[in-house]
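Reader: Hi! Could you walk me through the charged pairs and the chain contacts here? I'll just fire off questions as they come.

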Amino acid sequence: MVDSPKVYFVVYVALLILLALTVGAAALDLGALNTAVALLIAALKAGLIVAYFMHVHNSSRLVRLFAAAGFFWVLILILLTLSDFLTRFWVPG
Amino acid sequence: MHPSIVASERETNSLGMWIFLVSEVMLFGGLCTVYLVYRLRYPAAFAAGSQRLDTLLGTANTAVLLSSSLTMATAVYAAQAGKKRLMLVLLAATALLGVIFLGIKGFEYWQEYREQLIPNLNFIWDGADPLPARLFFTLYFVMTGLHALHLLIGIGLVGATPLLRRIRPFRDEPAAPVELAGLYWHFVDVVWVFLFPLLYLV
């Protein structure tokens with residue numbers, strides 16, 4: 001169930017590169033996209049940690065189901081909540 | 001013990017920890033949703049508040065936690081390979097990196113105290129939108145404070161794993177406490193991976 005330390009080190013380097021990307025992307029001004037890009041890279045990092053460090057990629061289907069359930073719960077919470085607030089036509093100021 | 005019993009016990013241990021982690025995901029997910037809603041409502045004030053945070057220290061802290069996840073994952077490998085000394089060294093390194101994170105965080109909090117950014121204590125805001133800016137800092141302290149508390153518990157857990165190997169539930173599976181502590185530790189890392197860009201990189 002466990003990977004070799006080499007795999008972990010490769011994942012670690014990838015995570016550091018993604019961290020540099022996150023900070024670099026924040027320095028650019030992409031307007032509304034900034035949040036989306038930052039969260040996307042964060043999701044990638046989280047995915048790597050969950051899959052490799054937490055051994056999910058070579059776990060049983062049931063474990064993967066539990067992990068996926070947590071992820072989808074948060075996704076539904078955020079998407080449905082934001083779909084409400086983003087469509088309320090805020091008055092500027 | 002029969003190999004298939006060991007395998008299913010291992011899975012059961014994992015599932016138990018995962019259920020707990022999913023409940024923690026709900027906790028932090030709810031907080032992040034609150035943050036997202038108010039950030040979309042007051043983008044300028046939240047951006048201004050975020051500017052006052054130390055991005056350099058935040059980045060350093062993220063690197064520290066990612067490194068601790070590496071040492072923790074390798075400690076789990078060492079535990080399962082029966083390499084006891086390597087495991088102990090790596091567990092100590094993981095705990096040390098966790099303490100370093102808390103030290104840097106504490107230093108940030110102290111800086112924020114000196115700059116008078118702590119709501120209900122000494123919060124002063126010179127720019128526009130003082131109330132939304134204050135809200136940003138309330139959320140910042142609650143979210144990072146809750147995360148730091150989880151990290152502190154994680155450090156205690158990592159320190160306790162060499163002792164937990166001796167208690168009855170784990171006598172046949174001495175690597176199990178290390179694996180389970182690892183799952184918890186990586187979860188705390190994942191939470192920070194999201195908190196960092198949300199709070200520091202607006």
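Reader: Let's start with B:E173: buried or exposed?

Author: Happy to help, and keep in mind that this is a predicted model. B:E173 counts as buried, because its relative accessibility is 8% and the cut-off for buried is under 20%.

Reader: Which residue forms a salt bridge with B:E173?

Author: That would be B:R10, with the closest N and O atoms 3.7 Å apart. B:R10 sits in helix α1 (residues 3–41) of chain B, while B:E173 is in the loop between α5 (130–164) and α6 (176–200), so the pair ties together parts that are 163 residues apart in sequence.

Reader: And B:R10, how accessible is that one?

Author: B:R10 is partly exposed, at 28% relative accessibility.

Reader: Nice. How many salt bridges are there over all chains?

Author: The search of the whole structure finds 4. Another one in chain B joins the side chains of B:R52 and B:E115, at 3.5 Å from N to O. This pair also links distant parts of the chain, 63 residues apart: B:R52 is in the loop between α2 (43–51) and α3 (55–80), and B:E115 in the loop between α4 (84–114) and α5.

Reader: What about the accessibility of B:R52?

Author: B:R52 is partly exposed, with a relative accessible area of 34%. Its partner B:E115 is partly exposed too, at 36%.

Reader: Over to chain A. Which residue pairs with A:R88?

Author: A:D84 does, and the closest N and O atoms of that salt bridge are 2.7 Å apart. A:R88 is partly exposed at 43% relative accessibility, and A:D84 is partly exposed at 34%.

Reader: Changing topic: how many salt bridges cross the interface of chain A and chain B?

Author: The count there is 0. There are, however, 3 residue pairs in polar contact across that interface.

Reader: So which elements of chain A touch chain B?

Author: Those giving two or more residues are α1 (5–27), α2 (33–53) and α3 (61–85) of chain A. The most comes from α3(A), with 12 residues.

Reader: What kinds of residues are on that side of chain A?

Author: They divide into 33 nonpolar, 6 polar and 2 charged.

Reader: And what area is buried between chain A and chain B?

Author: About 3700 Å², with carbon and sulfur atoms giving 85% of that. In terms of residues, 41 of chain A are in contact with 41 of chain B.

Notes:
Residues are numbered from 1 along each chain as its sequence is written. Chains are lettered from A and ligands numbered from 1 in the order in which they are written. This is a predicted model: local features need pLDDT of at least 70, side-chain atom pairs count only at pLDDT 80 or more; totals for chains, interfaces and linings use all residues. Side-chain values use heavy atoms; hydrogens and water are left out. Buried means under 20% relative accessible area, exposed over 50%, partly exposed in between (1.4 Å probe, protein chains only). Helices (H or I, at least four residues) and strands (E, at least two) are DSSP runs, numbered from the N terminus. Contact means heavy atoms within 4.5 Å. Buried area is the accessible area (1.4 Å probe) that two parts lose on being put together, summed over both. A polar contact is a pair of N or O atoms within 3.5 Å; within protein, one must be able to donate a hydrogen and the other to accept it, and residues adjacent in sequence count only if both atoms are side-chain atoms. Ala, Val, Leu, Ile, Met, Phe, Trp, Tyr, Cys and Pro count as nonpolar, Asp, Glu, Lys and Arg as charged, and the others, Gly among them, as polar.
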